[in-house]
Amino acid sequence: MLNIIKWVWRDVLRYKLQTILILLLIVSTSFVYLFIRYASDGLEDEYNQFTNQQQVEQFQFTVNLAASLDQLQQWELLEQKHVDQAEFQQLGFNNIRSKYHLSFQKQDDAQAQQLAEQYRFQYEKMLYKQTQQNNLTYQWIASPGSEHINTLYLTDGKLPTASGEIALPSNASAVLSETAEGSFTYSGRSYKVVGHFIAPNQLIRLSANDSTDPSVSLVLSADDWNRVDEPEQYIYAGRFKDSGQQTDIEHAIAEDTKFASFQSITDSATASELIQGVVSNQGLSYIFLFVLSFLCGGIFYIFLGRRLNIERSSWGTLLALGYTPSLIIRIYLLVYGVLCTVSISIGWILAYSGSFLLIEQFKSQYVLPAFPVEAHISSIIIGIISILIIFLLFMLIQLYQFGSKNPLFLFQPDQQPMSKWLTEKCAQWTAKLSFLSRMQSRMSLRSLKIMLLLFTTVCISSLLFMLGISLYFSSSSLIEQKFAGIHYQYNERFDYIKENIGEDTSGQYYELDQKYIQWIDQNQQKQGFQANLLSWDGGTSWLTLLDQKGNSINTALNKGIIVHFSKAQLLGLQIGTSLTVQIDNMTLQYPISGFSYNGDPNTIYMNKSILTNALHISDSAYNGVFSNQMITASESVKSQSQPSILKVSQAYQQQLAGSSSAQLSAIINQVLGGVIAIIMLLLISLIIIEENRSNIYLFQSIGYHPKEIKKLLINVYTPFLIIAYLISIPISSWIVIRILKSVSISTNDFIPFVYNIWIALGIFLIIFVIYQLVIGFSCYSFFKRNRQSNFI
């Protein structure tokens with residue numbers, strides 16, 4: 001047995017360069033998989049533990065009193081608030097409520113309780129008062145008492161108990177001016193900062209460059225909260241009593257007109273963006289694990305077959321000495337199993353060290369009590385066993401095939417002629433070429449294994465480069481598309497509805513937030529998504545919706561709803577699909593009349609007059625204005641309120657600056673593509689040189705220089721490299737599109753496939769340059785070993 005171990009080890013040393021390159025591929029596979037797992041498994045556990053302990057909401061909702069009251073009952077409530085009946089007839093119950101901030105807490109609470117019993121969930125009413133100052137929206141919260149949903153997590157200090165104390169959110173340190181002495185000043189009044197907290201439904205760090213007024217929650221003592229001179233507002237936060245998925249119940253709730261709004265936590269970026277990104281990364285880790293593991297096993301399968309064929313006489317000698325094929329196979333598996341395990345361990349160590357880089361990126365974007373660098377034991381075991389089993393399985397198949405051959409074969413000369421069919425085809429395909437080109441083409445076609453390896457290398461490298469480029473440029477591409485067709489500088493949004501009185505109506509719009517849009521899919525199943533509904537007169541002077549060719553499609557607003565093309569990509573929507581939306585106590589249904597390639601992906605567009613007529617409210621009603629001048633004076637109604645103002649140029653720059661969230665993953669993909677290309681091409685170059693060794697010596701003996709030998713014998717696969725790349729483009733594109741679609745669905749964030757002729761040429765040039773450098777290096781090393789100093 002010891003003799004066989006020595007024999008196998010001599011085989012390893014004889015082909016050490018091949019072995020090292022294969023082991024480097026295994027190191028890369030282990031590194032990529034465990035790198036992602038160490039940066040995601042610990043975060044997943046921390047997020048789940050944190051949200052469970054703090055009882056994070058599963059959804060938020062508001063109730064729609066209008067759905068349970070007839071018109072007379074609605075008027076009786078509004079009459080108590082001294083509302084003009086004519087205005088009620090023009091705007092409707094809910095718009096009057098929002099315009100004058102009318103509170104009917106008793107009636108709302110009763111309806112919320114009824115809905116909780118009907119749909120089996122528990123809820124709490126979240127009270128707050130809202131103010132605005134210095135482009136910030138402040139939500140003032142009374143120091144919590146016995147709340148069981150969205151319990152605040154103290155990172156330090158305590159919650160306020162006395163007047164003059166305040167607690168600040170940890171995610172807003174960049175936008176709040178807390179002094180070094182621990183004080184915070186608002187409207188001339190100074191508060192003592194007694195603690196910092198994390199709200200489990202607000203995990204995204206706020207930036208000072210946010211384009212819209214960021215909303216910040218601050219906790220005051222009960223006395224100070226009562227002194228805030230703003231109307232009390234509230235929203236309901238709920239959790240289902242039954243565990244598990246509640247998809248059917250959520251669909252039923254979305255259809256119930258007694259809910260004015262319903263937002264699942266999965267649709268709230270501030271609460272779920274972190275975990276969606278983590279889950280997406282975990283899915284990608286399995287793709288990398290199995291694709292790269294099969295790549296390692298498949299390549300070694302080819303190399304091992306060639307090596308066994310060269311060493312077949314030695315194998316035959318061992319059999320003649322009485323050693324059995326099964327023993328030789330077991331020793332092979334043992335030796336390479338140990339080498340594979342060592343390589344996996346090296347990748348493991350590098351992955352743990354490198355994962356801190358990805359963790360730091362998460363820290364810069366989100367808040368949690370901790371950001372552990374951990375991988376599940378199950379994830380580590382899956383990674384190690386998968387790589388080992390796949391690698392050794394390919395090896396076992398090759399060894400078994402070789403060991404089952406007739407022993408007489410082991411002592412016969414090496415004869416591997418091209419098949420007759422392939423010889424004839426080569427003659428036909430190359431008949432019209434020049435003698436030199438004909439010879440090179442036939443030489444390149446004699447080894448199908450090299451061509452398969454080269455094609456696999458090109459396909460995987462181009463796939464990784466495509467994926468990396470799409471991830472890198474997807475955010476900026478979407479932002480460019482989003483802001484195309486906008487002809488205004490400011491978007492002023494009011495928290496109440498207004499009526500136009502002798503004003504220019506072209507820039508006025510009516511927008512409804514977070515509406516649940518439903519449709520029937522091809523399987524006659526109900527599907528849905530949440531989106532804002534924006535309606536205006538359809539003119540192009542302020543907003544032009546564009547098709548794929550950049551042409552205006554605003555006229556399609558007169559025929560139905562325009563939806564962002566990403567919904568068609570992800571959800572399978574088509575022109576003519578009927579969309580249903582619940583607004584107040586009415587159900588509206590309109591067909592999709594067009595897909596826009598600009599605008600907000602989370603907004604659907606309608607003609608304002610069609611929407612207001614369907615809702616039976618005044619055509620002059622609006623709650624926002626597109627403008628080229630910022631509003632300066634406070635808008636006076638029964639309660640004064642400043643509009644939320646979005647400056648388009650600032651929003652554009654801020655979103656571009658924040659578009660780097662996917663860039664680290666993109667860089668990893670591109671580096672991985674380059675590494676795999678280099679290693680694979682090194683392996684291919686070894687095979688090419690090995691196959692042409694006798695021919696190289698022959699050409700040298702008759703006076704050919706290394707440059708000429710390289711051109712005649714080594715570079716014969718360059719034309720096939722071009723062909724392989726052209727063939728790989730549709731295959732790689734199809735795979736990347738499927739990966740991006742899967743990630744987009746899991747994260748609820750559309751990632752477009754970014755690709756054009758320049759990207760295609762760029763990827764080919766990268767692969768071609770790597771190929772030429774690697775082939776050149778391999779030839780240089782070969783001729784240098786053979787003391788041919790005239791090679792350049």
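**Figure 1. The whole chain at a glance.** The chain exposes about 36,800 Å² of accessible surface, and carbon and sulfur atoms account for 56% of that area. What you see here is a predicted model. Counting secondary structure gives 24 helices and 19 strands. Of the 792 residues in the chain, 52% are buried. Take the contacts between residues at least 6 apart in sequence: 80% of them join residues at least 24 apart.

**Figure 2. Helix 1 against helix 12.** Here we look at helix 1 (residues 2-14) packing on helix 12 (residues 325-365), with the axes 10 Å apart and an angle of about 50° between them. That angle makes the pair oblique. The crossing of helix 1 over helix 12 is right-handed. Which residues make the contact? From helix 1 come Ile-4, Ile-5, Trp-7, Val-8, Trp-9, Asp-11 and Val-12. Helix 12 answers with Leu-327, Ile-328, Ile-331, Tyr-332, Val-335, Tyr-336 and Leu-339. Sorted by class, the contact of helix 1 with helix 12 has 13 nonpolar residues, one charged residue and no polar ones.

**Figure 3. Helix 11 against helix 12.** Helix 12 shows up again in this view, now with helix 11 (residues 312-320); their axes come within 10 Å and cross at roughly 125°. So helix 11 is oblique to helix 12. On the helix 11 side, look for Trp-315, Leu-318 and Leu-319. Their partners in helix 12 are Pro-325, Ile-328, Ile-329 and Tyr-332. The contact of helix 11 with helix 12 holds seven nonpolar residues, with no polar and no charged ones. If Ile-328 and Tyr-332 ring a bell, both are also listed in the contact of helix 12 with helix 1.

**Figure 4. Helix 21 meets helix 22.** Helix 21 (residues 693-701) and helix 22 (residues 706-714) have axes that come within 10 Å and cross at roughly 140°. Are these two antiparallel or oblique? Roughly antiparallel needs an angle over 145 degrees, so helix 21 and helix 22 count as oblique. The crossing is right-handed. Asn-695, Ile-696, Phe-699 and Gln-700 are the helix 21 residues in the contact, and they meet Ile-709, Leu-712, Leu-713 and Ile-714 of helix 22. By class, the contact of helix 21 with helix 22 comes to six nonpolar and two polar residues, with no charged ones.

**Figure 5. Phe-259 and its surroundings.** Phe-259 sits in strand 10 (residues 259-264). Is Phe-259 buried or exposed? With a relative accessible area of 7%, Phe-259 is buried. Leaving out neighbours within four places in sequence, the residues in contact with Phe-259 are Phe-61, Thr-62, Asn-64, Leu-115, Tyr-119, Phe-121 and Ile-253. Take Phe-61 as an example: 198 residues separate Phe-61 from Phe-259 in sequence, yet their C-alpha atoms are 6.9 Å apart.

**Figure 6. Ser-183 and Val-193.** Ser-183 belongs to strand 6 (residues 183-186). How many residues along the chain lie between the positions of Ser-183 and Val-193, and what is the C-alpha separation? The two are ten residues apart along the chain, and their C-alpha atoms are separated by 5.2 Å. Not counting residues up to four places away in sequence, Ser-183 touches Val-193 along with Ser-177, Glu-178, Ser-190 and Tyr-191.

**Figure 7. Ile-727 in helix 23.** The helix in this view is helix 23 (residues 718-747), home to Ile-727. Ile-727 has 42% relative accessibility and counts as partly exposed. Also in the frame is Val-458: Ile-727 and Val-458 are 269 residues apart in sequence, but 9.5 Å apart from C-alpha to C-alpha.

**Figure 8. Two loop residues with positive phi.** Gln-55 lies in the loop between helix 3 (41-53) and strand 1 (59-63). Its phi is near 50°, a positive value in a residue other than glycine. Gln-55 is partly exposed, at 25% relative accessible area. The other residue to look at is His-101, in the loop between helix 6 (93-100) and helix 7 (105-119). Phi of His-101 is near 50°, again positive in a residue that isn't glycine. His-101 is partly exposed, with a relative accessible area of 24%.

Methods: Residues are numbered from 1 along each chain as its sequence is written. This is a predicted model: local features need pLDDT of at least 70, side-chain atom pairs count only at pLDDT 80 or more; totals for chains, interfaces and linings use all residues. Side-chain values use heavy atoms; hydrogens and water are left out. Axes are lines fitted to C-alpha atoms, for helices over the stretch in contact, and angles run from 0 to 180 degrees between N-to-C directions. Helices (H or I, at least four residues) and strands (E, at least two) are DSSP runs, numbered from the N terminus. Angles under 35 degrees count as roughly parallel, over 145 as roughly antiparallel, 65 to 115 as roughly perpendicular and the rest as oblique. A crossing is left-handed if the near helix is turned anticlockwise from the far one by less than a right angle, and right-handed if clockwise. Contact means heavy atoms within 4.5 Å. Ala, Val, Leu, Ile, Met, Phe, Trp, Tyr, Cys and Pro count as nonpolar, Asp, Glu, Lys and Arg as charged, and the others, Gly among them, as polar. Buried means under 20% relative accessible area, exposed over 50%, partly exposed in between (1.4 Å probe, protein chains only). Accessible areas come from the Shrake-Rupley method with a 1.4 Å probe; for residues, only the protein chains shown count as cover.
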